[in-house]
Amino acid sequence: MKIKALSRSVEGNTRSNSGDIKKLSRNLDPKHKPLERAREYTRAVTSAKLERMFAKPFVAALEGHVDSVACSAASRGHLCPFVTGGVDGEIRVWDLASRRTVWNNKTSHTGAVNGVCISNDGKSFFSCSTDKTIKQWGLGVKMAGGRKEKRKRKEKGVLDSDSDSDGDSDSDSEVKKSSTSSDSSKNPAPLNSWLFSDTFKSMDHHWNEEQFTTASDEAVQVWSHHRSNPIQTYEPFNGTDSCNVVRWNPSERSLLAHTSSDRGIGLHDTRASSSLRKTVLRMRSNCLEWNPMEPMNFVVGNEDHNCYSFDMRKLSQPTMVHKGHVGAVLSIGWSSTGREFVTGSYDRTIRIFNYRSGTSRDSYYAKRMQRVFCVNYTADAKFIVSGSDDTNLRIWKARSNEKLGQQLVREERATNYRNTLVKKFEHMPEVRNIVKSRNMPKFVKKQTAMAQIQHASAKRKEGNIIKHSKKGSVAWKGERAKAIVKEYE
Amino acid sequence: MSSDVARGVYSSSKKSSKTDSKRNLHNSSDPVLSTTVTLQAIDKYAERNHSAKSLEGVKYKDRPNTSKNNKKYKDKKAEAQLRRHDEKRVAAAVMAAEAEILDTEVGGFIETENEMERTHKLKQTELSSHVDEQTSDQIYDLSLTSYSPYNVTYDRPGRHLLLTGRTGHVAIMDALTRTLQRELFLTDNGKELNDIRSSTFLHNSSMFALAEKKHIFIYDSVTGAEVHRLGDHIDPLAIDYLPYHWLLASVGRAGFLKYTDTSTGDKVSEHRTKLGPCSVMRHNPYNAVMHLGHGNGVVTMWSPSVSQPLVKILAHRGPVVSLANDLGGNYMVTAGSDMQVKVWDVRTFKVVHSYFSRRAVCDLDISQTGVLAVGSGTDVTFWKDAIREKQKEPYMKHRVLNGGVQVKGVRFRPFEDVVGIGHSKGFSSIVVPGVGSSNYDSFENNMFADKKQRQEQEVRSLMDKLRPEMIQLNPEEIGGVERDKKNVMMEKRELAASADQKPKKEKKKARGRNKISKKLARKHANIMDEGKKKLMEKKRSEAESKGRGDDFMSPAEKKRKKGLEEGGALSRFFK
């Protein structure tokens, strides 16, 4: 007879000395893990609570501007530089890592700075203003990006403004001259300036070429770095109103999108002399941003408190309506992942939307934060920078409960596990209520409630109209279709 | 016990020349084989309530006509999400099955070499010469006569053993090293004999509860100090502990099933069974439902949140003596004083098969591998695969101390091939190969946990403490969507629709005469019933006798009478 019996020794199953790792045995058989689903659910509830407990999104408020922050720009290719323009014509360059201004010019423009953008090489940036000028400024500033970053910048030929201890002397003396002083007494001079006949509303730099575009009262202009006059000008497609925002497509080199005051969104091809197509919404769009990862899609922030996602191939209807704000949406910033975007609104809040969801994932506000004029994600998609009417620049975490700094592997794994559990049970009322609960200011709460009542009322009215009309003569109109008034091809 | 799934993985990788077994599993040249392997893995590892769906999930790729052509869902995004979720689930099940290769330990077994050999003829003395020294050390008897008979309880990892003598002796032993940890004599300095009916460890081996004569008492295993007296539990006969819910349950002479939360000390619920004294109680480890065996042969199943039994089964003619649940939660075995041992399918609540026992059964237990132990009289018999199909002869047999004792309790030691038997002369430990699960999970039942790990486990288990309401027959329903049946849904919808409408206002016909009684009378004026007819008849006859018969005539009758009286041209029609 063959006999074998289980025999476990203490020595075989425990570590021999305290320096060793503990011996672990796994058995994945679900028989030994009873009530798994109930336990997972309990953990999901706990995780959701933890998530809310650790939700501290506010990182810092950066002071410096003396008037409202009107516009901002983050560099597309570099981590550090962040430029903001004020309503009083001041421009500041920030080092977000060390939370300080590294360059400022109080008299950059005599009017409000309406647009800033950073050139592709990261050496300079442009600003446009209501004073009918565009100016190019050198961006040779030292950031607290560490030695590695510095070396990288040096390799790329970017100058450090402060004279370094290792005494680097570089070629571009003009840039150096313009950017050396950070004190306000000697205001740095621009590298270039363009004078135009019209006030500027917005500007954007080309993603690859040495071109930039501006939106003015009359038209959209395309400029080259090296020309004094616009190389292209586009009159509005259909209508005579002024253009608000203009943005280059990230992948199509000659594609431009703009919004205009006649409530329109239009597309231009810079190879052609006239615009491609245009669609008119019910209300004016205040901002437009292309999705950096899916460059056929863009989002506009509208005066009617909503954001609309569009596929540029089909402007007849937005692909998604993003609701939640109770004031006009003034600015949008895309996460570099292309999965999320942040919106700043006149209702003094910031909301973060998933690009495919109709409601916001999170919403931030601060007690003293006023109307938000500009929002941006940082390039690592971890932070959000908002500039508002209260002259402050605020840094927020993109994920409010995320721990800053490097996590241990086990910690990270546990976090992922918790997040997955919350996602798994998000449909359960208990978890959902915890995850979605936000303390919002009274004003927002009231407005939201009112908006809901208004929406319900409008819906009821629509239903009544259909009910009392001849059958088939009036049909329900979808929420997305409602947004569009007219489309021009 | 290397499972079929792991073998399936092996065989599939052997068949194809590629080395990466995972890839083979998915792109195996033999699609039938890979599908069956996946199905087996899903069967074992995927969540149970999705099992029907999961099969569809597997077939999803194999059958192009199911989801792609026949549109199943309206919402494309939802469909894609579901599909992705299903794929992930299947992949996880397959990965878990593949991880079985890493299980180094192989379960115990007895293999006969020819047909004449019978495993149940193997004696412990013979067996001890076949196994290693550490295992043979587990075969021992403790002679404890003055407080007997003894009850046996192991903690969940199977490391500690709690021996309780009926009249007041309690011993906690380290089952692995066979050392006594703490001994208690609960006899009030020998003045009075105690009556310990039942015992259980709490969430870990650091505390245990005893059902004594009047109440339940909780003791500290290390110091032996009495920590709590649960005054609510009066005269308990049987106690059991639900480790994931931190609930201590007891049932006693009054037939009340009581639950106490041991983390907060609150009484969670109290159910009146209405079935008299009860001393048989075991929980189903799969869903934490409490099974009670009653004196009238009924087995009831209870959840703390429902005041009625979830299920009531008439299991035996005569009292239920003992019951046991298998680890997977699909089967229950009951023994009655009608000499029957019955195997029940808890999913259908039907008898799978039943055994006849010549001697009265006193205790039952089912091992982690599904071996059934039956203690009766002086013997304990072990039945392998007895649950799945009816066996003709036992797997092992053990006569305690060569007869002369009465077996009181039988318990398998988890994760070991060891069985503890409490009897009238103390305690016996024997080895039965193949009853313990070969691999333990350090995060679930760590028998080698050090202090730190034990502390951490305790905190984690408290954080994951399940709510009593979560106890239900199907634990996989938690977090799912409960859908009403179609007719119920329609009714609800109608009710909701009617609630939206304005209630109909009753018309005021008679102003100022709005008494409820009047209203009712008006309403019922036209209704003729038996009583009213009689009353009318009576009134009419009275009136006629007084010569006022006209008052109670109907208009037609009046007309007729008038016609007759007048005798006009139409009088001929009124005859």
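In this predicted model, Arg271(A) and Asp269(A) form a salt bridge, with 2.9 Å between the closest N and O atoms. The two partners differ in their surroundings. Arg271(A) counts as exposed, because its relative accessibility is 65%, while Asp269(A) is buried, with a relative accessible area of 13%. The cut-offs behind these words are under 20% for buried and over 50% for exposed, with partly exposed in between.

A second pair in chain A involves Lys403(A) and Glu411(A), whose side chains meet in a salt bridge of 2.8 Å from N to O. Lys403(A) counts as partly exposed at 42% relative accessibility. Glu411(A), at 27%, also counts as partly exposed.

In chain B, Arg359(B) forms a salt bridge with Asp379(B), and the closest N and O atoms are 3.1 Å apart. Arg359(B) lies in the loop between strand E22 (350-356) and strand E23 (361-366) of chain B, and Asp379(B) lies in strand E25 (residues 379-383) of chain B, so this pair ties together parts that are 20 residues apart in sequence. The arginine, Arg359(B), counts as partly exposed at 39% relative accessibility. Its partner Asp379(B) has 7% and counts as buried.

These pairs belong to a wider set: a search of the whole structure finds 44 salt bridges over all chains. Some salt bridges are linked to one another. One network joins Arg26(A), Lys33(A) and Arg39(A) with Asp441(B) and Glu444(B), and Arg39(A) can be followed further. This residue is found in helix H2 (residues 36-53) of chain A. Is Arg39(A) buried or exposed? Arg39(A) counts as buried because its relative accessibility is 7%, which is under the 20% cut-off. Leaving aside neighbours within four places in sequence, Arg39(A) is in contact with Lys33(A) and Pro34(A) in chain A, and with Tyr244(B), Glu444(B), Asp464(B) and Leu466(B) in chain B. Lys33(A) and Glu444(B) thus appear among these contacts and also in the salt-bridge network.

Chain B can next be taken as a whole. Chain B has 13 helices and 29 strands. Of its 575 residues, 46% count as buried. Among contacts in chain B between residues at least 6 apart in sequence, 47% join residues at least 24 apart. The accessible surface of chain B comes to about 32100 Å², and carbon and sulfur atoms account for 51% of that area.

Some of the strands of chain B can be traced as a sheet. Four of them form an open sheet in the order E3-E4-E5-E6, with antiparallel pairing. Strand E3 (150-154) and strand E6 (179-185) of chain B are the edge strands, since each pairs on one side only. From one strand to the next, the twist averages 15°. In general, strands of a sheet pair through backbone hydrogen bonds, either parallel or antiparallel. E3(B) and strand E4 (residues 160-165) of chain B pair in the antiparallel sense over five bridges. Asn151(B) stands opposite Thr164(B) in E4(B).

The last feature is on the surface of chain B. Which residues make a nonpolar surface patch of about 180 Å²? They are Val306(B), Leu310(B) and Leu473(B). Val306(B) is found in the loop between strand E17 (298-302) and strand E18 (311-314) of chain B. With a relative accessible area of 32%, Val306(B) is partly exposed. Val306(B) can therefore belong to a patch, because patches are made of residues with over 30% relative accessible area and no salt bridge.

How values were computed
Residues numbered from 1 in each chain as written. Chains lettered and ligands numbered in written order. Predicted model: local features only at pLDDT ≥ 70, side-chain atom pairs only at ≥ 80, totals over all residues. Heavy atoms only, no water. Patch = residues over 30% accessible without salt bridge, like charges linked within 9 Å, V, L, I, M, F, W, Y side chains within 5 Å. Areas by Shrake-Rupley, 256 points an atom, 1.4 Å probe, with all protein chains shown as cover. Salt bridge = Lys/Arg side-chain N within 4 Å of Asp/Glu carboxyl O. Helix = DSSP H or I, 4+ residues; strand = E, 2+ residues; numbered from the N terminus. Buried < 20%, exposed > 50% of the residue type's maximum accessible area, 1.4 Å probe, protein only. Contact = heavy atoms within 4.5 Å. Pairing = 2+ DSSP bridges. Axes fitted to C-alpha atoms, helices over the stretch in contact; angles between N-to-C directions.
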